[in-house]
Amino acid sequence: MDVQETTAACRDAFAELASPACIHDPYPFMRWLREHDPVHRAASGLFLLSRHADIYWALKATGDAFRGPVPGELARYFPRAATSLSLNLLASTLAMKDPPAHTRLRRLISRDFTMRQIDNLRPSIARIVAARLDGMAPALERGEAVDLHWEFALALPMLVFAELFGMPQDDMFGLAAGIGAILEGLSPHASDPQLATADAASARVQAYFGDHIQHKRTDPRHDIVSMLVGAHDDDADTLSDAELISMLWGMLLGGFATTAATIDHAVLAMLAYPEQRHWLEGDAVGVEAFVEEVLRCDAPAMFSSIPRIAQRDIELGGVVIPKNADVRVLIAAGNRDPDAFADPDRFDPARFYGTSPGMSTDGKIMLSFGHGIHFCLGAQLARVQLAESLPRIQARFPTLALAEQPTREPSAFLRTFRALPVRLHAKGG
């Protein structure tokens, strides 16, 4: 879409977001959509919200004005669910549940997946970061280009998940190879061949985690899977194997590609805005502010993949969303709404300095991890990986520069990369 010449309503924002122009730079179209069609009805019948206030309200109202699809409705919202393993696994994830089932599952998972557990991973994450940077250093110091996306941004979350789940690193690399295919298969516009490829990858993940759970029952260690399958004498309720497999599958999908993309975007921000690098050279509060601004400026997931079903007719901006309509939110557009964040296209970590995670100095919420009952469980894990990575990259490679333009994946849903080639500037260059 030529945003400068557009006067008519966009027929299908999801299709437009998949266009080459939007893959390259989606923000002009998102601005147009937010200003001209903020409660958009796509050709498929899905509604898409793009204003920060509407998105924030919709996320907060999940469980009240909105709900997830119940099992009997799956065929309506996922016509291919009857034959798709990936769609059935998605339907069983925590993100698709409503209270009281959601309350029970979140409590059982949060019982072991705590802030303390994540903070205990910091030394391991720091060790992994240092090892990956050590591995990149010889080639960079010889003046060669290195693909930071492959060598670091993808590798770090894979190795952290291996540590978290108590898995051999090679096993995690094998499973992670199929994550991109699964995510593409879950897109609202995925083709039948894409969904079939996703199902094959999901079957491998499901089988592996089934065996892994049994292994942790007989040989528990100090990892999250061992804790989740372990006995809790003070709590008779436990996760079934099917619930645990679904949770692990969902964590892998939700936290792997998105964290890798955010690392890539953070490095690009370091290179594009050298005057802002000082945030990475001071205290932890400055590093956290830089991380939050990266997450705001470039949300890795463009829109929500999970259906939110309207429980009643809802009027937003003069548009009536009918009861039982499927509503999605355009997270990346909300994060750049000038009504929420002044001068939203400017990269400015100061707007998050010294605040609670995800909240600006003006009290506005950054939307990349969601909000309300479905706030991302892995948000703190992603933040820790970024906070442990960026200052070390800055300190180790202060003259880092792009070797050539990065290559993006052609995905409307995830703003991810295929390659991010970097090199070191010659001193004085």
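**Strand pairs, helix crossings and a salt bridge**

Me: Which residue is the bridge partner of L402 in β12?

Reply: In this predicted model, L402 is bridged to V422 of β12.

Me: What makes β9 and β12 a pair of strands?

Reply: Pairing requires at least two bridges between two strands. β9 and β12 have three, in the antiparallel sense, so the requirement is met.

Me: How do you know that β4 pairs with β12 as well?

Reply: Two bridges join β4 to β12, which covers residues 421-424, and the strands run antiparallel. The minimum is two, so β4 and β12 count as paired. D147 has P421 as its bridge partner in β12, and V146 stands opposite V422.

Me: Why are β4 and β9 called edge strands?

Reply: The order in this open sheet of three strands is β4-β12-β9, with antiparallel pairing. β4 (146-147) and β9 (400-402) each pair on one side only.

Me: What is the strand order in the sheet of five strands, and which are its edges?

Reply: This open sheet runs β1-β2-β8-β5-β3, and its pairing is mixed. Its edge strands are β1 (39-41) and β3 (66-67), each pairing on one side only.

Me: How do you know that β2 and β8 are paired, and in which sense?

Reply: Three bridges link β2 (residues 47-49) and β8 (residues 326-329) in the parallel sense. The threshold is at least two bridges, so β2 and β8 qualify as a pair. L48 stands opposite R328 in β8.

Me: Why is α11 called oblique to α12?

Reply: The axes of α11 (residues 155-165) and α12 (residues 169-176) cross at roughly 125° and come within 9 Å. Roughly perpendicular covers 65 to 115 degrees and roughly antiparallel starts over 145. The angle of roughly 125° fits neither class, and α11 and α12 are therefore oblique to each other. The crossing of α11 past α12 is right-handed.

Me: Which residues of α11 and α12 meet, and how many of them are nonpolar?

Reply: From α11 come A155, M158, L159, F161, A162 and F165, and from α12 come Q169, M172, F173 and A176. By class, nine residues are nonpolar, one is polar and none is charged. Gln is outside the nonpolar and charged lists, so Q169 counts as polar.

Me: Why is α18 described as roughly perpendicular to α20?

Reply: α18 (residues 284-297) and α20 (residues 379-396) pack at an angle of about 115°, and their axes are 10 Å apart. That angle makes α18 roughly perpendicular to α20, as the class runs from 65 to 115 degrees. The crossing of α18 past α20 is right-handed.

Me: What is the make-up of the contact of α18 with α20?

Reply: V287, F290, V291 and E292 of α18 meet R383, L386, A387, L390 and P391 of α20. Seven of these residues are nonpolar, none is polar and two are charged. Glu and Arg are on the charged list, so the two charged residues are E292 and R383.

Me: What makes R104 and E243 a salt bridge?

Reply: The closest N and O atoms of R104 and E243 are 2.9 Å apart. The cut-off is 4 Å, so the pair qualifies. R104 is in α7 (residues 101-110) and E243 in α16 (residues 241-255), so the pair ties together parts that are 139 residues apart in sequence.

Me: How many salt bridges does the structure hold?

Reply: The structure holds 25.

Notes. Residues are numbered from 1 along each chain as its sequence is written. This is a predicted model: local features need pLDDT of at least 70, side-chain atom pairs count only at pLDDT 80 or more; totals for chains, interfaces and linings use all residues. Side-chain values use heavy atoms; hydrogens and water are left out. Axes are lines fitted to C-alpha atoms, for helices over the stretch in contact, and angles run from 0 to 180 degrees between N-to-C directions. Helices (H or I, at least four residues) and strands (E, at least two) are DSSP runs, numbered from the N terminus. Angles under 35 degrees count as roughly parallel, over 145 as roughly antiparallel, 65 to 115 as roughly perpendicular and the rest as oblique. A crossing is left-handed if the near helix is turned anticlockwise from the far one by less than a right angle, and right-handed if clockwise. Contact means heavy atoms within 4.5 Å. A salt bridge is a side-chain nitrogen of Lys or Arg within 4 Å of a carboxyl oxygen of Asp or Glu.
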